[in-house]
Structures are given as structure tokens and as C-alpha cells.
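Student: I should like to learn how individual features are read from a model of this kind. May we take a helix, a strand and the cysteines in turn?

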Amino acid sequence: MSTMDKTQNGDLSEKSDETTRNVGEQSSVNKQVELQEQAEGGEAEDNISSPTAEDKSADSQVYTATSLLLTTKKETSVKTHPVTLDWAFGINPALPVFSLLDQDRLAVLYSCSHVAVIYDHASSSQHLLQGHCSPISCLCVSEDKRWLVTADKGQDSVLIIWDSYTGIPVRTMFDCHPEGGVTAVALSNDSRYLVTIGAGAVQRVCIWDWTNETEDPECQTDINPEYSFQNHIVFNPTDSSQLLSNSGSQVLFYTWDKGIMEYSAPEISNKTFNKTVGRLTQSVFHSGGVQAFSVTMAGNLVLWDVLKGSVTHQNKAMKATKLIPLQKNGITVLTLCDSFIVTGDVKGHVRFYDENFKLINWYSDFNLEAIASISFSKEIPASSIEGYQEDCTLKTKPFVNRNFVLSTVSAAVVHVKAQGSVAQTLLNEHAESLDAVACHPKQPLVAMGSRGGLLKVWDYENKRVIANRVFHTDKQIQCITYDPQGFYLAVGFASGAVQILDPCTLQQGEESFHYSQDCITHLTFSHDSFFLATADTGRAVTVFHLCKEGSQHVWKYLGRHRSHYKPIQDLLFGVQLDSTQPRLISLGMDRRLVEYDLQNSKKNELLILSSDRIEQSAVPTCMAWYPPLTTEHFLLTASDLYKMKLFNVTTKMCRKTLLGPTYGTPVKKMLTLPASKDGDPSSRYMAYITQNKVGVHILPLDGNTFKSTALLCHPMGVSSLACSYDGRYIFTAGGMDKTVFLWEISFPALEAAAALGGKELIPFYTLIEGGRDGELFKMMEDLFYYCQLRNQGIDSMETRQVSTHIPLTEVPFVMRALGFYPTEQELEDMQNEVKFSRYAETGKYVTHIDLEEFIKLYVNHRPAFDTSKEDLFKAFQVLGVLYESGQLVMTREELLELLQSRGEPMTEEELAECLMTLPDLGVEGGRSETGTLHCKDPESLLESKLPLNITVDTFATDILGFSSASQEPPPEEGSSSSSKLSKAS
């Protein structure tokens, strides 16, 4: 082992373990040992003999790891998390792929969304490096392939250094560039120093000694924005105090020492050589460390050399001395390998040059797209020259070089074995947005399609591709689905076309339809596979029918109907309760639930059976059939107000309102998982996605937040969700991140997490401000029993009959007394929920409610979040007019007209009574709660109490009584204003 290898594999391994134990901090003792080792030529490693160091190294996985550890490590422990990432399908083609090849493994490093992947092709295994909350923006690998660095952009950006042998993070750096994250990163040749470039408007370059315990950079400098955005940086391999970076038009050279960093920007333009230079792509230092090279999209190489007369070590001025036309095609990649200069171009060719820029060899037979990265293995070529191709010099000597890995802009990764010039495709993934994913109903197969026209079917248990097809005419795949029997695979395109394919061959017969010019957003088959329905961005539903012609079954167009005036959110087939006939329903942003009359529809005439408005102010986002956990059958919907509702499938009556998952954004799609064949058939679960998270919920739904869990899956947004036929796995498609993630579900872990929340009412107490011992709960108890007195008459002198129940008619008064002001429709839903709660079992109505049921009713029905200043501004943006002063204004007449005519209209008497109870408009002392407001002239009262022109601040402070529109309103009054505004809108 060389001195360099001993330094990196020995001392840095020990320090990496120390970093892991101390969450990213290094001890000063290890730092001194490292400096001593460098001074003594690497022999300090053999001199460390203290018991403490030996004990630490013996316990350290990083210190004792070998390159085979990731391959041989097996998961034997029980899953402790309800949802675990198991596999990543896809790759980010914009970032480089790094070879981790050696004599023991054929492995590569690449990124998928916010996850870095170490993929071992020989064992077909992945090790997933998870720790980022935003998509990875850059990554690099140390010279000896031991240390990996990943970084991201965006809010709460982090940079993580990993041990490639164990996959353990040895250092995490938080907010090293708080102005926007990291756009480029590189390690020095000895792996001690790390350089980062920020992604802010004014880019900052920082040098870090990541093996040190300090959290501040060694030095830093800000780049003048006139040099354009720097996106590539490297160290001088012979001198870590020198670096270079480049943008598309400028190369910068840096020197640093003793905490001071300087940079120079030598001139480079078409005027420099009176020739077209081209857009700069990548730059490197010469292996000798003096000169540097840059390549361009015009096929040129720019040679940088030290300016004569510049001899000081810290300020070697560089100048572009030559412009060498290397080739005709644009050069996208530039790197060094031993004594060779290696380029990759837009034609997918790889060329090797000697130090005099003479072409030695090239690879042009791989039939690849533009090269995105080239990475060589660390193994030294074999001494035998057998199998190596001859170079292109006159001496035709054997061309001996290292094996390497290529990646292309089309998301292909190819391993090239130099001995024999054998190219092996390791990955061939989606290069465009990946929006569609669907699982086979009876086999461990998952299909995924992208906007690039690529459709692939994977065996997700064995991790191999079963079939793939590229569509050229209708290219952009938007959604896909299997029929319940697994006989067909339907594909919907952005062009409006629909194709029905054989799920094995991915070929279609005559089943190709184009009845819409709008993008297909939803596809669904009926339970008997005889109907296929689609929804598109034109707000129309189209139905196809499987007909028998002779001895064959063929798909025919049935009809189409534009049934919504806003985008369609979901589309579902179900089964009629009194027969086995299919039923089709659609749900739109217009808050309407539409059912179609399939039995009476005929060709070119799709009939509507019913159309019901199911929400007042909330916008429904998705729906699913609720599993038969009760005698009553339900349809489950979710809304943008974080609520879920159960509707009777026959009457469409809202039977229950429940608090849904509140993980930042509302639920956008949900699926009930198949019943487990091995476990309890009565235990049912639901998978769902929000804007960027995936989660699982225990059924039945009751508003208990501990029965749900979610975690980040795609930071840029989730496009689609699918579950395996046995309910063990769920799949999420990330859209723009070009990735599909496979998640394994652990139901015991989910049940254990729910049990930690407590039983019966304990989970609901945590949802009440102050909990079981808080003021709100005590108020509930007081109001609950006061309602009994009120119901029996406040002025009565007879003996009181105190019980644990109150009449159902008292619920609205208690809700309002607690600061929740529901609309009349919401009150009706509450009363129906309690009234019919036992009707299916007993045939009788419920007329009273106890305190426990009331607490659940309150927690589930009240708004998930208080009204905020943003809500007030949004309301005024819709209802008000922008004046020249820049303020949104609504006149008194407009406000009164809206409240008396829109939504649930209010009379003048009701408005006067409402306004008189507001803190800044009411009469001091108020009135008796059992009394009635007597106002001879409510119109004059309203005019006297309301200003002529009402702004946001006027409405918040003078009418509602908030201290300021910029301040969060109190829950009590906030809920009231939210109710009134929702009525008006």
C-alpha cells in the first residue's frame, strides 16, 4: 500500500468513525495524529498503540470496513419504521455517475432525487444513502473511491460525507451555504479538503477541512456575478491550495493560504484568439499541476498556462495561450486518466489524447447519446496486454487503460471493459418526467411510463426488466393502469390518445383511440374488465366498452361527456350494491360528484345518472371506495382543508367527517390496500400521498392522528401512487425527478406506533389545546353540563336531572361557545353523523350525545388550522377591488350583498345580530343568551356600524377585533370569520 493509501484508508477511517459517534465533530487528538502522520510520511498509523485508539478502531464499522461490506451485509433485523425505502428506479441524468469499480465489485454511485444510490451490478443490489430533504444538486468521490460527498440546494440544505464501504455518514454540514445551497463540490487529491460553490445570486466559494472539528470554512470568497454562474470546480491534483472553476463563459483560478482566498479571471472570448471559442463545459488541471485545460461545445480545447513573470506561489497568473480544435463535435466532458486526456462529446464518443494532444484511441461504436460523465476505476490495468485494442499511432502499440463508466444525457449508464473493449449497459432509465406508475393485480410487476415515451415493466422482487417499449408518435405518457384481471395495460398520453396493450409484450392490436385533444389524466377499468374510462384536462369523461365480434373481444368507443366545469380530480369504477353491474363516478374541483348511467348509455351518448355537490368551501382532491368494515357502504373523499368524508354510496349523504393527515399539504391521492392473506383479514390499511410525502393510515378512520404516518418521498412533488397486489409495497412516481421509489410497509411497526398514542380518548386529548388538563377541556365539561341545565330551563326551580348525555339539538350551541362557528350545512352534517351512527345496526336514530363522542365530533369537524392573515388577503383578492393606493377594498354595499345573497344567505336581522356580537361593534354588556336581539331598523344599524370602504386591515381590526391584520387571529374569532368568508365566496 502506498503512503497516500495508508493515510486515507487508515487515519481518515479512524476519524470518520469518530465523526459518526460525535455527529460530525472530530477530536483535536485525531487532528494532531493526522498532522503527525503527514509529517512522517504516513508511518504514524503504525505507531498508534494506545489502548483508547485500539478500542475505538475495534468498535468502528468505518475503520474495519472493506469494499465488500455493502455487498455482503444482509438485513436481518425487524423493520422498525412503518414505511421504508427499498429500491430506487431511475437516475438523475444531469449529475455525474462515479465508478466505484475494483477487483471485488462492479459498483457505481449516482443520484435519484434526494437519495444517492450505490448500485452493485454483480449482485443486483442497492445501498441507499438517505439524509437530504431536497434533490441532490451535486456529488463527488475521493481519489481512492473511499469517501463520497453529496449536497443539495434549497431550504435547510445539507452536505454529507459518506464512507463508501459501509454507507455510513461520517460528517454532516448544515447550511454551509444558507443563501441557496450548494451547486458544485470537489475533494482534494488527499481527501482532506473540500470545496463548495454556493447557489446564491452572489456565489460563495468555501474551503473546508472536513476532518477538523470546526464548523467554519478555512477560507472563503464571493464571486463577482459578472463572471456568470460557476457550476464546475476542481482542485489542482498536485497542490491543494490551487483550484479552478468555470461557467459557460468564464474560467476562474483560485489560490488560498492562511485563511485568505483570492481568484483571477483571465480573459477568454472569441476576441482572445479571433476565433469562435464556444461555450465552456468543463476544465481540469494538467497532471503536472502547472497548466490547465478547458473544453467547449465548439469542439475546442483552451490551454491555460502560467503568465511569464508570475512566479509567486500564491499568485500564479494564468492566461489562455492556445486554442486547439480537438474535434468537430461539441465536447461535454473532460477528465484525466493516468497520462491520458479523455473527452466525451455530444455524439456519444470517447477519445483519449496524450499530453501533446495527439489522438491515441477512441470509442465510437457504443451508439450512445451525448456523454454526461466519465469515471475511471481505481484498479490498475493488468500487466498482460492480451485483449487490448491497438492505439492509432504509427507504432500501433496495445492501448492499455483502466475500465471506466459512462453516463449519458438520456439516462444510460455503461461500463466499458478496456480489455476487449466490451461495453455493458448497467442502467437505461427515463430521461424525461416520470409521471405514471401502475402495479399488476396478480403478479410482482410494476409498469412505469415517462414523457419521453419510454414504457418499462419491472419484476420488482427480482429487480429486472421484463419488457420495455418506446412510443414515438404519441410520445408523452401521462398515466397507465392494469385491468383487475391483468389482461390489459391501458396507456394515456398527453396528446389525448389512449392505447390498450398486451401486458406481456406491450404491443397493441387495433385498440388505439384518439377521441380527445386534451391530456389524459385518469384511467380506470371496471371490476369485470369490460369498461375502460378516461378523464382529461378538457374536463370530460370518455368510456370504452369491450364488445364481442365473432370469436374475438375488441374495444369500442361508447361515449364522452364534459360533466365538470373545473378539472376532474379523480375517476373510479365501483359495483352496484343490488347487482354485479359496474358503476362509474367522477369527482371534480367544482365540488361535484357525478355518476354515469352506463346501462342506458349508447354509442356517442354517455348519460349522467346523478350530479351532487358534496362540499361547500373545501375543494375535493381524491376519492376511494371505503372497505366493508361496517354494514353500511361508503365512498371516502379527501379535501384541501385536511378533512376526509364518508358518503353513503346510495344516498350520497355525508355520514362522517374526519380529520385527515396534516403533513404540510393535503392528501392528493389515496388507495385502500388489499386485505392481507396471512394476517387478520379485518385489519385494513390505506396508502396516500400528499404534495411531497407518502404515508400509510390504519383503518377504520376516526380522526386519531397516531394511526397515520408519512415521510418525505419526492421533494419536487409526487405524481402518482400504486400498491402491489399483496399490499406489501407501495410505489411513488416523482414526475420531474424522473424516479420511482419502492417502499416496503411494515404493518407491525405501524400498529406499534399507533399504540404509543394511547387508547380510547387519549389520542384525542392531545388534539385539544392544553390536553386533558387544559382550560379548553374544562370548558367543554362545564358547557356540556350547562347545556343540560339550559335544556331543562335556566329559570326552573325543580330538581335537576343530570346525566352523561345532552340532546343532539344542543350541539350547535356548544360548538359556538367553544369558538367554532360551523355553517348550516356543517351543522346538518354533524347531526346526521350522530343521528344515523347506529341506524344500520339497530334501525333507530340517535338523539343524544355523550362527552366522549362530542370531543371526537369537535376535533374532527373544527378547522384543521386557524384562519391566518393569508386567508384574509386571499378572500379580498377574490372579492375586493385593487385601488390606486395599492390596497384591496370592498364597499359596504358589496359586503352586505355578498353575505345576503351568496353561499348560505343571511337576513338583515341575522347580520345585525352577528355584527352586534363582534367585539368592536357590539353594545357593551351584550344581551342574555336566551334573549332575542330586538332591532327596529337593522339596515340603519348596519350602515352605522360598517365603514363605507372596507380594507383588509379595517375588516380585521375594526370589524373582527383582531389587533392587526398582520397578526394571527385568535382561534375563536378566526373560526367565525372563516365561516362568514366561506359563505360569501
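Tutor: Let us begin with a helix in this predicted model. The face of α8 turned away from its buried side carries two exposed residues, Pro-748 and Ala-755.

Student: Which residues of helix α8 are buried?

Tutor: Helix α8 spans residues 747–755, and Ala-749, Leu-750 and Ala-754 are buried there. These residues lie on the same side of α8 because they cover an arc of only 135 degrees around the axis.

Student: Against which strands do the buried residues of α8 pack?

Tutor: They pack against β51 (684–689), β52 (693–699) and β53 (708–712).

Student: How should one read a single residue in a strand, for instance Leu-334 in β22?

Tutor: One places the residue, then examines its accessibility and its contacts. Strand β22 comprises residues 331–337. Leu-334 has 3% relative accessibility and therefore counts as buried, the limit being under 20%. Leaving aside residues up to four places away in sequence, Leu-334 touches Gln-282, Ser-283, Val-284, Phe-293, Ser-294, Val-295, Ile-341, Val-342 and Thr-343.

Student: How many residues separate Leu-334 from Phe-293 in sequence, and what is their C-alpha to C-alpha distance?

Tutor: They are 41 residues apart in sequence, and their C-alpha atoms are 8.5 Å apart in space.

Student: What is a disulfide, and how many are counted here?

Tutor: A disulfide is a covalent bond between the sulfur atoms of two cysteines. With a cut-off of 2.5 Å between the sulfur atoms, the count is 0. Cys-140 is in no disulfide, since the nearest cysteine sulfur, that of Cys-138, is 7.7 Å away and the pair must lie within 2.5 Å.

Student: Are Cys-140 and Cys-654 buried or exposed?

Tutor: Cys-140 counts as buried, at 7% relative accessibility. Cys-654 also counts as buried, at 6%.

Definitions and conventions:
Residues numbered from 1 in each chain as written. Predicted model: local features only at pLDDT ≥ 70, side-chain atom pairs only at ≥ 80, totals over all residues. Heavy atoms only, no water. Buried < 20%, exposed > 50% of the residue type's maximum accessible area, 1.4 Å probe, protein only. Helix = DSSP H or I, 4+ residues; strand = E, 2+ residues; numbered from the N terminus. Contact = heavy atoms within 4.5 Å. Arc of directions from axis to C-beta.
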